[in-house]
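Fresh page in the notebook, and a friendly hello to whoever reads along. I am jotting down what I looked up, entry by entry.

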Amino acid sequence: MDFGAAHVTQMALGAWQAQVLYTLSELDVFELLSEKPLSAQEVARRTGAHPLAAEGLLNAGVALKLLTRDGDAYADTDLALRLLCEDSPESLARWVRVMGRWSRPWNGLTEVVRTGRPAEEREARLWQDPRYTADFVLGMHEYARRIADEVADHADLPPGARVTDVGGGAGTYAIALCRRHPDVSVRILELASVLPIAERTVAEAGLADRIDVTAGDYLTDPFGTDVSAVLLSNILHQESREAGESIVGRAHRALRPGGKLVVNGYFLDESRTRPLFTTLHNLSAFTLWGGGRSYTVGEAAALLRSAGFTEPVVHQVAQGASTVLVAEKAEGPEDQHLADRRE
């Protein structure tokens, strides 16, 4: 067997497999079949698809073990019911739809590499499309909640901490922090279009009395004053280095002396060639919105030190490729003066 050829073939055909998953999700086939088994003709009628093409799609779904077929009737597998239907507590359905939408700009990767420009404009990509906004925010929530508790364990917050969760999305990490630290309160800073989603998620978690949701733009707005900790989760990699310096600098200004900056994200090793997921994550940021570029842990540590933070403590999240950096605001003369005034 030619393992090299098999490796190349698998990569090339992997895109075909992914497109079957994305199309089944975008056409809401998993939701339809979760109610009861249906024929290909009925699926085509309900989704507005071409009958022969719908049958081919469903058969590919069976081959990928996403669907089952009994005679003319198709149904979801247990895997699809657990991970690809929105009402499942383990659902990744919205996240899969976002990955499907992001696959289209990836088809323009050759031009992105040639020109250095993203495949689509940021504002048109997300905030001008309400359904996409909801899928993006809740899809990232679906994905992140699998590691959120462990990230919260590594945050090492003091009792009664006041935390600003910058660009906190649906509140995934804010909820985890509050569950891990019973006397902590969190303010989520997010764009106005995201606030209703975050408010609903926080309310469903029963934490509306401890988590406040505030409109703001993390590229320009302050992060508060005299806060105990600032959380930056999966933000720095998608912005330019200049924007990253601004974000970390405003985090430093928002913190009280000794306050903590918690950075959660996907970091490259020092060669910038591993791990595989993070190399793709890095390329995805550039393809989707341009200036983003993933950091190595060393680069991130240097960024934090240059803004006035201590050398960060590094924690590897066991459940995934994510890494958590925790650094403290070094106390300078101005900070000591503020501390004296508080006392």
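**Entry: a pair of tryptophans**

I began with Trp-102 and Trp-289, and both come out buried. Before going on I remind myself that this is a predicted model. How many aromatic pairs are there by the ring rule? I get a count of four.

One of them joins Trp-95 and Tyr-143: the ring centres are 4.8 Å apart and the planes meet at 15°, under the 30 degrees that the label needs, so I noted this pair as stacked. I then looked up where the two rings sit. Trp-95 belongs to helix H6 (residues 93-106) and Tyr-143 to helix H9, so this pair ties together parts that lie 48 residues apart in sequence. Is Tyr-143 buried or exposed? Neither label fits, because its relative accessible area is 31%, which makes Tyr-143 partly exposed.

Back to my two tryptophans. Trp-102 and Trp-289 form an edge-to-face pair, with 5.9 Å from centre to centre and 75° between the planes. Here too the pair links distant parts of the chain, as Trp-102 is in helix H6, Trp-289 is in helix H14 (residues 276-289), and 187 residues separate them. I also found that ring pairs join Trp-102 and Trp-289 with Phe-136 in a cluster.

**Entry: the second largest pocket**

I asked for the volume of the second largest pocket and got about 410 Å³. Which residues of its lining are closest to the centre? I wrote down Leu-138, His-141, Arg-145, Thr-201 and Glu-204, out of 19 lining residues. Four helices each supply at least two residues of this lining: H9 (130-144), H10 (148-154), H11 (172-180) and H12 (195-204). By character, I sorted the lining into eight charged, six nonpolar and five polar residues.

**Entry: cavities**

Next I turned to closed spaces. The structure holds four cavities of 30 Å³ or more, and the largest has a volume of about 90 Å³. Its lining includes Asn-234, His-237, Asn-264, Phe-267, His-281 and Tyr-295. Which strand gives the most to this lining? My note says strand E8 (residues 255-265), with three residues. The lining of the largest cavity has six nonpolar and five polar residues, and no charged ones.

**Entry: two single residues**

I looked up Ser-25, which has its place in helix H1 (residues 3-26). Its relative accessibility is 5%, under the 20% cut-off, so I counted Ser-25 as buried. Apart from neighbours within four places in sequence, Ser-25 is in contact with Phe-30, Ala-93, Val-96 and Arg-97.

Then came Gly-308, in the loop between helix H15 (297-306) and strand E9 (313-316). At 23% relative accessibility, Gly-308 counts as partly exposed. How far apart are Gly-308 and His-252 in space? I have 7.2 Å, C-alpha to C-alpha, for residues that are 56 apart in sequence. His-252 is also on the contact list of Gly-308, beyond four places in sequence, together with Glu-328, Lys-329 and Ala-330.

**Entry: confidence**

Last, I checked pLDDT. The mean for the protein chain is 92, and 94% of its residues reach 70 or more. Where does pLDDT stay under 50? I marked residues 333-343, for which the model has eight contacts beyond four places in sequence.

Notes
Residues numbered from 1 in each chain as written. Predicted model: local features only at pLDDT ≥ 70, side-chain atom pairs only at ≥ 80, totals over all residues. Heavy atoms only, no water. pLDDT = per-residue confidence, 0-100. Contact = heavy atoms within 4.5 Å. 1 Å grid on protein atoms, 1.4 Å probe; cavity = no way out; pocket = protein on both sides within 12 Å on 5 of 7 lines; lining within 4 Å. Points joined across faces, edges and corners; volume = space filled by probe spheres on them. Nonpolar A, V, L, I, M, F, W, Y, C, P; charged D, E, K, R; others polar. Phe/Tyr/Trp six-rings, centres within 6.5 Å; stacked < 30°, edge-to-face > 60°. Buried < 20%, exposed > 50% of the residue type's maximum accessible area, 1.4 Å probe, protein only.
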